Amino acid sequence: MTAQQPPQGRGAVTISGSAAGRDKPQTTRTGQTTQGPELVAAKTTHLPIAERTDVRRALLDLIRADGKAFATVLTLNALAAVAGLAGPWLLGRIIDDVRAGGGVRAVDRLALGILLCALAQLLLARWARYVGHRFGERTLARVRERFVDRALALPASVVERAGTGDLTARGTADVTTVGTTLRDAGPVLLINLVQALFLTCAVFVLNPLLGAVGLLGFTPILFALRWYLRRARDGYLAEGAATSDIAEIVTATASGARTVEAFRLTHRRIGASREALETARRTRLYTLYLRTVFFPVVEVSYTIPVAAVLLVGGALHLNGTMSLGAVVAAALYLQQLSGPLDEILIRVEQLQNSGASFARVEGLARAPQAAADGDCPDPVDDRIDVTGVRYAYGGGGEVLRGVDLTVRPGERLAVVGPSGAGKTTLSRLLAGIDAPTAGTVTVGGVPVVGLGPERLRRQVVLVTQEHHVFLGSVRDNLRIAESAADDGELWDALAAVGADAWVRDLPEGLDTRLGQDGHRTDGSQAQQLALARVVLADPHTLILDEATALLDPTTARHTERALAAVLEGRTVIAIAHRLHTAHDADRVAVMADGLLSELGTHDELVAAGGAYAALWRSWHGEHG
């Protein structure tokens, strides 16, 4: 299934939505960070790029995975190349036989041999290309699967810092480029490499001196190739990064279109887009410059070896040390060599582009990965301890400045405070999405951030106001949380969050497809589906960060009560923006300027007359 909205966050933990929060500046890859209505300068962290050795190792692994097919391609190409060598040699024989007074029958026999060898070369080359294409398609499937596995293993914080545009560009444009090379350029390159090798050897067999002269004539190509290769990889990597920048800014602007309109940021976003496009234009012009220097030099250089061999061969023929047929055959071999060599050099240019794309695709292997489920011990209980926690987003000041908090199993804790106080950042640390820069967050004595996705999903689930409806049926959307759930469990989960009524009214019930080609959910229905997934996940701790913000007050309160009833006996931590949530909680934690300023029951804090009491009086006066 694909998502109607691209998911951000660690799917196994934030199964109801993304992990984006209000405390963290929302960064775009173009160097613009949105924080409220203002745009401030910032810089994103690019996903890693694989080194050349990593790319070579990955390529060898792919070849070994389908080694039999690769060996077949090489064998067929070698046979095709051998069949192609016969033509010039037989033509040389015809010339020598005619000069020696041979008859028509000898010429016809040799001409028939040329025809048969040409036909054999054609059939073998076609067969080799067919096998090569199948090898390329299977290899591309492995590249795609490995990319998806690595992308899903990325921690949410890594994706957010890099920007979804970079990941999207790598998974689409870069993987497509790699696939085109594996399917098309790879087989062609193999065919022409084998042909070039055999043709070069054939010239040396005819006359070692002519072979040496021919190779010396290709020297300008070697210098041009060396000049090109020293610059091409960096040029194509820069072009790929610029493509990611464009994808990121388009995605960010489209997803935040309402915010852009509301705060009149259109001109600033257009300016950022133009800057990204100008950077992309410069990178593309640079790679175009490399090609316009490289290819003309190559084209001119093809005539040098043939001319040199004809001159030297002619001198040898005049001295009687070499037959005219051998000279012609050597010249034809070198003339034929320009064909596969031209293809090789064209593919070299394509390989530089593809190699840069492959380095970006394989770069995910160098990115931090989420912990595996067996890497740490099981928590001894469900108690959550926050000890001396500090946290700062890259390049900014501390959002949390030394927080100590214990959440007892089964407790209902409300976290309140003004915007920017650190509430959402705290929820991300509690959910294991981010790791504290100092201090620890543990569940049952085990660091939350060290738990593997499956285990963490059973421990803690973060529910935000951002949610995702995936393309597929209602049943598909719900089974993301629990693949083994039967229809009865699905209906129970829907009923728990008040969504069973509208789902039953759908044309095909649980089988109704959602998305552009099916039923289009509104904000409240999408939120209810997200909450139903949480019910199916059945975690012991649930963190609600504006989880019902898109529902009307009556529906939101009903959903919260229904969810609370289903999660009876479980721990609930609510980032409370509606203070009735704090009123119903066992305890209230008050955040202010990255610190935990107050902690106690609702009645205790109101009686204390502090910051919470002021918030309550203000809110109660408006809603009472």
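Let's start at a small landmark: glycine 432, just after helix H12, takes a positive phi of about 80°. Keep in mind that this is a predicted model.

Helix H12 itself is a good place to look next. It spans residues 423–430, and because 8 of its 8 residues are buried, H12 is largely enclosed by the rest of the structure. Its buried residues include the charged-type names Lys423 and Arg428, along with Thr424, Thr425, Leu426, Ser427, Leu429 and Leu430.

Now step back to the chain that holds this helix. It has 21 helices and 15 strands, and 48% of its 624 residues count as buried. Among contacts between residues at least 6 apart in sequence, 78% join residues at least 24 apart. The accessible surface comes to about 28800 Å², with 58% of that belonging to carbon and sulfur atoms.

Further along the chain, two helices meet. How do the axes of H15 and H17 cross? They come within 8 Å and cross at roughly 125°, which makes H15 oblique to H17, since that angle falls between the 115 degrees that ends the roughly perpendicular range and the 145 degrees above which helices count as roughly antiparallel. The crossing is right-handed.

Here are the two partners and the residues that make the contact:

| Helix | Residues | Contact residues |
|---|---|---|
| H15 | 487–496 | Glu489, Leu490, Ala493, Leu494 and Ala496 |
| H17 | 523–537 | Leu529, Ala532, Val535 and Leu536 |

What kinds of residues meet here? The contact of H15 with H17 divides into 8 nonpolar, no polar and 1 charged, and the charged residue is Glu489 of H15.

Methods: Residues numbered from 1 in each chain as written. Predicted model: local features only at pLDDT ≥ 70, side-chain atom pairs only at ≥ 80, totals over all residues. Heavy atoms only, no water. Helix = DSSP H or I, 4+ residues; strand = E, 2+ residues; numbered from the N terminus. Buried < 20%, exposed > 50% of the residue type's maximum accessible area, 1.4 Å probe, protein only. Contact = heavy atoms within 4.5 Å. Areas by Shrake-Rupley, 256 points an atom, 1.4 Å probe, with all protein chains shown as cover. Axes fitted to C-alpha atoms, helices over the stretch in contact; angles between N-to-C directions. Parallel < 35°, antiparallel > 145°, perpendicular 65-115°, else oblique. Left-handed = near helix turned anticlockwise from the far one by under 90°.
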